[in-house]
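Please look through the sequence and the coordinates before reading on. The paragraphs below begin with a single residue and then widen to the chain, its sheets and its cores.

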Amino acid sequence: MRETGIVEKDACTTKRELETGDTVVEQGATLTERAQGMHESRCHAATERHHHHSHANDSRHEGGHHLLQVEDLSVSFEMYETDAPFFRAKKQTVRTIENLSVSVHYGEIVAIVGASGSGKTLLADAVMGMFEPNALVEGRIWFDGVRQDAAGLARLRGRGVSLVPQSTAHLDPLMKVGRQVRGVARTREERFLRAEKQAQLFARYGLASEVADLYPHELSGGMARRVLLCCALMDGPKLIVADEPTPGLDLDLAVRALDDFRTFANEGGGVLLITHDIELALRVADRIAVFKEGTVVEETAVANFADPHLLQHPFTRALWHALPEHEFASGDAHDEARPPACPANVASEDDGASRSCQRALEARSITFGHDPSRPLYRDFSLTVEPGERVALAAPSGFGKTTLCRLLAGYEVPQQGSVLVDGEPLPRTGICPVQLIGQRPEETIDPLARMEAALEEAGEVDERLREALGIKTAWLRRYPHELSGGELQRFCIARALVANPRYLIADEISTMLDAVTQAQLWEFLRSEAETRGLGLVFVSHNPALVERIATRVVDLEKEARAH
């Protein structure tokens, strides 16, 4: 069945038998018979394998089945050829996921990690029953022991299975977030209960009560992700599918969010956690499934990530080595020679004004706030010199994204000024300060093909495309046909092709796998050194900041000083 169907992939023509302990089950048996036969034991040893996966020590099969079971899932798309003129292009079938199997037990978290663009979000979409019109989906999916088709999976959304989506664009831009979290109430009593639960969730995730009256565009990236998490937890699901739930959150909030997933699992629920943050996944997961090129190449216990020699697949070992605290960089950024600098923010004895270098990106005594009575920044100054790599550090919701927008000219300070090499930011033409945001889907025209998005910024040479891993086949695609990580690479290319003197990078690598992150940051560090590019970046990863930054600015400390 095309489009929104799930096709039975392996109808049996022979009676091949599967032996599981003392039980023999025919492959052609019904789901109930197979599940009960294969899962008579409620507990399994950690080393035991069946249904393509291992088991955590406390795995359990309530009712004799998994909470979620995905078997031999394949997802393909019918697309036009990308290397032929449009009027002569023929349709072709592009397979993105192939023969993928994964299961989630009651009471456990299974973390899906791996290569950017390998199909992890498509797996989440398949479990939620959300398919593109040109998709062909094959395989079998069971939830709580019941075989599901596309319509059944759709009915489960919000009624047993909840999604924490990758993109904050899932929030309705025209509805206040409190109302979105509370959802629909049919009676006055239900309305009161839902309002009470929303308040409890907001308190748990550090969202002030007044946030309920804000619209999505008034939230920071971290606040928006916490709101999405509250939406998912509102109706007490059995299974949470969390697709990159922590980008934009500082380490403390990210840990707290995943600890709440752990609590949810300990209380009997299940979590399918899709993430690029391996370190966070290792904190809470029971099992790790490693994705590459549309399938699981290795499933392993969390404990095996303590030593790369315990990991079986070369790509899994590459992920381990690419982590910032392992072999992320060939050298320590802090041992390198700093570019020539001159004093910044040095007070004059005569009038207290600031002196600055002629060549620098400067925020001079700026004051800014969406609410003038409660400014985010008051009399704040910052100088970034050519060749510097300055990390902005602060908790989620503190205004890091707002400061990035101020430095790039997207926002204008209410007092003070932002100067580039001694001149005000230009209001027209190509800006010498380029901003790469944390939400790539919001910065590219959704109706334009990616090649047009690149041509808009200028000519992208082959070296830049190769360094960023941009494939030729992606150029003819539309933004919605790319993963978040693939789309972010285009945003980085667009910023660099404008030949900026200063680059602002706001949480740009959270949608990328560890290997690609390492390659990207080494590339940006090299570009900063070669071009004399001033780099300002935001990251909640302390190990990444330690490797890349030549200087760290603690915005919270600066705010206390004023």
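Does Ile 508 count as buried or exposed, and at what relative accessibility? The model is a predicted one, and in it Ile 508 has a relative accessibility of 1% and therefore counts as buried, the cut-off for that class being under 20%. This residue belongs to the loop between strand 24 (502-506) and helix 14 (514-531). Leaving aside residues up to four places away in sequence, Ile 508 touches Ile 436, Gly 437, Gln 488, Ile 492, Leu 520, Trp 521 and Leu 524. Its C-alpha atom is separated by 9.0 Å from that of Gly 485, a residue 23 positions away along the chain.

From this residue we can turn to the chain as a whole. Of its 562 residues, 54% are buried, and its secondary structure comes to 16 helices and 26 strands. Among contacts with a separation of 6 or more, 70% are made by residues 24 or more positions apart. The chain exposes about 25,900 Å², and carbon and sulfur atoms supply 49% of that area.

One part of the fold to follow in detail is an open sheet of 6 strands, which are arranged in the order 11-12-13-8-14-15 with mixed pairing. Because strand 11 (161-164) and strand 15 (295-301) stand at the edges with a single partner strand each, one side of each is left without a neighbour in the sheet. From one strand to the next, the twist averages 20°. Within this sheet, strand 12 (residues 239-243) and strand 13 (residues 270-274) run parallel and are joined by 5 bridges, one pair of bridge partners being Leu 239 and, in strand 13, Gly 270. Helix 2 (residues 120-128) packs on the sheet, where it touches strand 8 (109-114), strand 11, strand 12, strand 13 and strand 14 (287-292), and its direction makes about 150° with that of strand 12. Helix 9 (residues 314-322) also packs on the sheet, touching strand 8, strand 14 and strand 15, with its direction at about 105° to that of strand 14.

Helix 7 (residues 251-266) has 16 residues and reaches 22 Å from its first C-alpha to its last, close to the 22 Å expected at 1.5 Å a residue. Its buried residues include Leu 253, Val 255, Leu 258, Phe 261 and Phe 264, together with the polar-named entries Asp 260 and Arg 262. Just after helix 7, Gly 268 takes a positive phi of about 115°.Phe 261 leads on to the cores. In soluble globular proteins, nonpolar side chains tend to be buried together. The largest nonpolar core here has 55 residues, and those with the most contacts inside it are Ile 109, Ile 240, Phe 261, Leu 273, Ile 288 and Leu 319. Phe 261 touches Ile 109, Val 164, Leu 229, Ile 240, Ala 242, Pro 245 and Val 271, again not counting residues up to four places away in sequence. Apart from this core lies another, of 37 residues, among them Leu 454, Leu 464, Leu 520 and Trp 521. Both Leu 520 and Trp 521 are also touched by Ile 508, the residue with which this account began.

A further pairing involves strand 18 (residues 361-368) and strand 19 (residues 377-384). These strands pair in the antiparallel sense over 5 bridges, and the bridge partner of Ala 363 in strand 19 is Leu 382. Strand 19 is mostly covered, with 6 of its 8 residues buried.

Methods: Residues numbered from 1 in each chain as written. Predicted model: local features only at pLDDT ≥ 70, side-chain atom pairs only at ≥ 80, totals over all residues. Heavy atoms only, no water. Core = buried A, V, L, I, M, F, W, Y, C linked by side-chain atoms within 4.5 Å. Buried < 20%, exposed > 50% of the residue type's maximum accessible area, 1.4 Å probe, protein only. Contact = heavy atoms within 4.5 Å. Helix = DSSP H or I, 4+ residues; strand = E, 2+ residues; numbered from the N terminus. Areas by Shrake-Rupley, 256 points an atom, 1.4 Å probe, with all protein chains shown as cover. Expected span 1.5 Å × (residues − 1). Pairing = 2+ DSSP bridges. Axes fitted to C-alpha atoms, helices over the stretch in contact; angles between N-to-C directions.
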